[in-house]
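User: Hey, I've just been handed a structure I don't know at all. Can you walk me through it?

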Amino acid sequence: MLYILLLFLILFAGIMFGSVLTEHQGYVLIQIDNYNIETSITSIVIMLVLLLAILLIIEWILKRIFNIILYTQNWFIKYRHHYAKKEHKLH
């Protein structure tokens, strides 16, 4: 995953510096129904890199949340087994 992020950063840097050095920004036109989105290639690359970063952060947060939930469930299961064995030995 770090390798992919590094590749995106290199691609991003190449597009940024390449378009600035050649002074040709490029042009992107996205038409959906009656909507037109016009932007430069540099802007769309920046937006895509930011979107990728946001998705990676959301993925990291969700993994942390689900790991906490799983750890808590396992703790309760172990506690119940320990308590049941303790009660069984007393009787």
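Analyst: Sure, we'll begin with the overall layout and then go through some individual residues. One thing up front: this is a predicted model.

User: Okay, how many helices and strands are there in the protein?
Analyst: You've got 2 helices and 2 strands. Starting at the N terminus, the order of the elements is α-β-β-α.

User: And where do the helices sit along the chain?
Analyst: Helix α1 covers residues 2-22, and helix α2 covers residues 41-90.

User: What about the strands, which way do they run, parallel or antiparallel?
Analyst: They're antiparallel: β1 (residues 28-32) is joined to β2 (residues 35-39) by 5 bridges. The two make a hairpin with 2 residues between the strands.

User: Anything to look at in that turn?
Analyst: Yes, check Asp33, which sits in the turn and has a positive phi of about 55 degrees.

User: Which residues face each other across the strands?
Analyst: Val28 has Thr39 in β2 as its bridge partner. Gln31 is another one to find, standing opposite Asn36 in β2.

User: Switching topic: how much of the protein counts as buried?
Analyst: Of its 91 residues, 8% count as buried. The accessible surface comes to about 8,500 Å², and carbon and sulfur atoms account for 71% of that.

User: Can you give me a buried residue?
Analyst: Try Ser40, in the loop between β2 and α2. Ser40 counts as buried because its relative accessibility is 16%, and the cut-off for buried is under 20%.

User: What does the side chain of Ser40 make a polar contact with?
Analyst: With the side chain of Ser43, at 3.1 Å.

User: Does anything link the helices? I mean, what is Met16 in contact with?
Analyst: Met16 belongs to helix α1. If you skip its neighbours within four places in sequence, Met16 is in contact with Thr42 and Ile46. Ser43 is worth a look here too: its C-alpha atom is 9.1 Å from that of Met16, though the two residues are 27 apart along the chain.

User: So is Met16 buried or partly exposed?
Analyst: Partly exposed, because its relative accessibility is 21% and buried means under 20%.

User: What share of the contacts joins residues that are at least 24 apart?
Analyst: It's 32%, counting contacts between residues at least 6 apart in sequence.

User: Let's do charges. How many salt bridges turn up in the whole structure?
Analyst: Just 1. Lys63 forms it with Glu59, and the closest N and O atoms are 3.5 Å apart.

User: Where are those two residues?
Analyst: Both Lys63 and Glu59 are in helix α2, 4 residues apart, which is about one turn of the helix. Glu59 is partly exposed, at a relative accessible area of 32%.

User: Last one: what's the nonpolar patch on the surface made of?
Analyst: The patch is about 1,200 Å², and its members include Leu48, Leu51, Ile54, Trp60, Phe66 and Ile69.

User: Why would Ile54 be able to count for a patch?
Analyst: Ile54, in helix α2, is partly exposed with a relative accessible area of 48%, so it clears the patch cut-off of over 30%.

Notes
Residues are numbered from 1 along each chain as its sequence is written. This is a predicted model: local features need pLDDT of at least 70, side-chain atom pairs count only at pLDDT 80 or more; totals for chains, interfaces and linings use all residues. Side-chain values use heavy atoms; hydrogens and water are left out. Patches are made of residues with over 30% relative accessible area and no salt bridge: like charges are joined within 9 Å, nonpolar side chains (Val, Leu, Ile, Met, Phe, Trp, Tyr) within 5 Å. Accessible areas come from the Shrake-Rupley method with a 1.4 Å probe; for residues, only the protein chains shown count as cover. A salt bridge is a side-chain nitrogen of Lys or Arg within 4 Å of a carboxyl oxygen of Asp or Glu. Buried means under 20% relative accessible area, exposed over 50%, partly exposed in between (1.4 Å probe, protein chains only). Contact means heavy atoms within 4.5 Å. Two strands pair if DSSP finds at least two bridges between them. A polar contact is a pair of N or O atoms within 3.5 Å; within protein, one must be able to donate a hydrogen and the other to accept it, and residues adjacent in sequence count only if both atoms are side-chain atoms.
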